[in-house]
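Colleague: Hi! Could you walk me through this complex? I have a handful of quick questions.
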Amino acid sequence: MNNISKALQNRKKVKEKIKILYDEGSYIKAQKADVPKGLYEKCPKCNNSINKKTNIENDYICKHCGNHFRMRAIDRIKYIIDDDTFVEKGIGYITLNPLFQDGYEEKIASYKKKTSLDEAYIYGYGKISGEPCVIGVMDSYFLMGSMGSVVGEKVAKTFEYAIYKKLPVVIFTASGGARMQEGIFSLMQMAKTSAAVAKHSNMGLLYVSVLTHPTTGGVTASFATLGDIILAEPNALIGFAGPRVIKQTINQDLPEGFQKSEFLLEKGFLDQVVHRKELKPTLGKILSLHRGDRR
Amino acid sequence: MNILEKERHLKELEEKINKLGNRRIVRKLKEEVENYKKTEMIKLTAWDRVLLARHPNRPRAMAYINYMCPDFMELHGDRLYSDDRSIIGGIGSIDGMPFTIIAQQKGSSLEENLERNFAMPHPEGYRKALRLMQQAEKFKRPIITIIDTPGAYPGIGAEERGQGQAIANNLLAMSNLTVPVIAVVIGEGGSGGALALGFANKVLMLENSIYSILSPEGYASILWKDSSKSKEAAEAMKLTAYDLEEFNIIDGIIKEPLGGAHFDKETTFFETKRALLNEYFKLRRLSGTELHYQRNNKVRNFGFLQRFNYDNLGGIKR
């Protein structure tokens, strides 16, 4: 057998593998398995119980108080991106265990199964209200969306792909910060992603970052707050140090609404706080205002 | 027995020996103590290095600066809010060559530590650093950053003024610089607070300094829910200079005298200066574009992962 036919055979195998990995059905199954049993769930803000089904139909917004629940990466993409335009890129990364932590590989494997994602971040090409862009979404259900080597690499790849295609980037952040299990490598992802943003920015391209609940730690201190335009969802926790750490350090109760998106808007670190239902039109508007052919 | 206990033990021994009258016995015992030092003080665990990095007598950034450039001139303020005392910035010449030096300064007494906020900078500190780096860029002046911090300060005021944004902006700006940037970790390099000054062409570390994502105590309490396991955490985190050099995260190690930098400060300062200038002479040959490329290319390769490339199949439609 010559090399070409070998390669072709490999290609077929890989395609089949992808089908298994990214089967739509397996994702829905995973979603069902992860949601705690019972028809109702409690809203953490107003303590009213709400029907899960209607909550999903209502884009994960509490119908009583308008609290925005956390959203899975794939739901987010389905919600924001026009139908049948999303093409996922950067697949096939394998998370390794650089510090040989006990149980880290098993943890990753279990989260992979639960979320049917291969890491806490996915990106790809898509259209928002007809405007092409590169979209990246972090999934806070995957180990709190923490940034390890793979997430950092994929974020950097997002910007590189956007530079190659000369497209704007939209990133939805939801992360607890850098991933402790990977130690110093996670820390270095902060520099890596910031450098990628700088490269993209120097090409004169647009980067919109949308901060969702929760965005803290190393992600806040790198690419999340470097957007040309920074939006946030209402009542999202955004900050560098977590509230628990601050409380421990200063031995004081924190003021109400501290580190919430409205607080950050007041302090001047956000461009706008946008309700989830208005997010898609807002992003569409921003992208169309920055479209290249208008210049 | 950890390194601090050994140190105390040796001190007590030496005092006792000095009290003895017989010269010959004193000399003999002193020799034995020296031998003990040579065999025992070099056996350092990761936790020993953490203790040495936090040692109260360890030389601070200002001492290094005073040794390296006697004509150092401090520049204050971020032009936006206030002057953060935990970050020292300024210009000075080393062997006649002008440098911009930015350093995190711990205090050596409680009073000084309160003034310096235990070297935990607020956003205005990072913005001052940013201002000075942009100034250096304008005058094509090389930059030396000296890192010694437990981390960026987690407090209400710091969050109100955008700690995360300040660090992120520093990283972005440092990625764009076209002058040589050399960072040296002299004590603790704690998480984002250290990295905000550590995005450099060359990163050096003193032998007994540490550079990590968070403190061993924090690591133990977050991952193992037990903050008393900090010794094991220090071992597991791979935070010593030797581990990081193996990972290619840092570019060089500066040797310290036996027992740590505080035993012979002059030698430490001399070695640090020599290592810094050595790196600077290498970087000086590169043009601005090359420096920019080198710095960004270096961080681009950071990470520990594997990949099977599916992208040439055209991605996946969902």
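Colleague: In which sense do β4(A) and strand β9 (residues 305-307) of chain B pair, and over how many bridges?
Modeller: They pair in the antiparallel sense, over 3 bridges. Within this pairing, Y93(A) stands opposite R307(B) in β9(B). Do keep in mind that this is a predicted model.

Colleague: Fair enough. What ipTM does the predictor give the complex?
Modeller: The ipTM is 0.91, and the pTM is 0.89. For chain B, the average pLDDT is 90, with 97% of the residues scoring at least 70.

Colleague: Back to the contact, then. How many residues does it take from each chain?
Modeller: Chain A gives 59 residues and chain B gives 51 residues.

Colleague: And which element supplies the largest share of the side of chain A that touches chain B?
Modeller: That is α7(A), with 13 residues. Elements that each supply at least two residues there include α1 (3-21), α6 (149-165) and α8 (243-250) of chain A, along with the strands β3 (87-89) and β4 (93-95).

Colleague: How do the residues on that side divide into nonpolar, polar and charged?
Modeller: On the side of chain A that touches chain B, 33 are nonpolar, 18 are polar and 8 are charged.

Colleague: Let's move to the core. How many residues does the largest nonpolar core have?
Modeller: It has 155 residues. Those with the most contacts inside it come from both chains: I135(A), V170(A) and M188(A), plus L171(B), V184(B) and M205(B). The largest share of this core is 9 residues from helix α7 (residues 184-202) of chain A. As background, nonpolar side chains tend to be buried together in soluble globular proteins.

Colleague: Leaving aside its neighbours within four places in sequence, what is M188(A) in contact with?
Modeller: With those neighbours set aside, M188(A) is in contact with I249(B), V299(B) and F302(B).

Colleague: Nice. What about chain A as a whole: how many helices and strands?
Modeller: Chain A has 10 helices and 11 strands. Of its 295 residues, 46% count as buried. Taking the contacts in chain A between residues at least 6 apart in sequence, 69% join residues at least 24 apart.

Colleague: Over to the helices of chain B. Is α2(B) largely in the open or covered?
Modeller: In the open: the number of buried residues among its 18 is 0, so α2(B) lies largely in the open.

Colleague: How far apart are the end C-alpha atoms of that helix, α2 (residues 23-40) of chain B?
Modeller: They are 25 Å apart. At 1.5 Å a residue, the 18 residues of α2(B) should span 26 Å, so the two values agree.

Colleague: And helix α3 (residues 46-53) of chain B, how many of its residues are buried?
Modeller: There, 7 of the 8 residues are buried, and α3(B) is mostly covered. Among the buried residues of α3(B) are D48(B) and R49(B), as well as V50(B), L51(B) and L52(B). The cover over them includes the helices α1 (3-19), α10 (216-223) and α11 (230-237) of chain B, and also the strands β5 (181-190) and β7 (210-212) of chain B.

Colleague: Switching to strands: how many bridges join β2(B) to strand β3 (residues 97-104) of chain B?
Modeller: There are 8 bridges, and the two strands run antiparallel. S93(B) stands opposite P98(B) in β3(B). On the pairing with strand β1 (residues 73-74) of chain B, β2 (residues 87-94) is again antiparallel, over 2 bridges, and E74(B) stands opposite G90(B).

Colleague: Which residue takes a positive phi in the hairpin of β2(B) and β3(B)?
Modeller: D95(B) does, with phi near 50°; that hairpin has 2 residues between the strands.

Colleague: Any other backbone oddities I should look at?
Modeller: For context, most residues other than glycine have a negative phi, and most peptide bonds are trans. S191(B) has a positive phi near 50° and is found in helix α9 (residues 191-195) of chain B. K238(B) also has a positive phi, about 55°, and is found in the loop between α11 and α12 (241-246) of chain B. The peptide bond from H213(A) to P214(A) is cis, with omega near -15°, and P214(A) lies in strand β8 (residues 207-216) of chain A.

Colleague: Why does S191(B) count as buried?
Modeller: Because S191(B) has 28 C-beta neighbours inside 10 Å, and 20 or more is the cut-off for buried. K238(B) is buried too, with 20 other C-beta atoms within 10 Å.

Conventions: Residues are numbered from 1 along each chain as its sequence is written. Chains are lettered from A and ligands numbered from 1 in the order in which they are written. This is a predicted model: local features need pLDDT of at least 70, side-chain atom pairs count only at pLDDT 80 or more; totals for chains, interfaces and linings use all residues. A nonpolar core is a set of buried Ala, Val, Leu, Ile, Met, Phe, Trp, Tyr and Cys residues joined through C-beta atoms within 7 Å. A residue is buried if 20 or more other C-beta atoms lie within 10 Å of its own, exposed if 12 or fewer, and partly exposed in between; C-beta atoms are placed from the backbone. Helices (H or I, at least four residues) and strands (E, at least two) are DSSP runs, numbered from the N terminus. Two residues are in contact if their C-beta atoms, placed from the backbone, lie within 7 Å. pLDDT is the predictor's confidence in each residue, from 0 to 100. Ala, Val, Leu, Ile, Met, Phe, Trp, Tyr, Cys and Pro count as nonpolar, Asp, Glu, Lys and Arg as charged, and the others, Gly among them, as polar. Two strands pair if DSSP finds at least two bridges between them. The expected span of a helix is 1.5 Å times one less than its number of residues.
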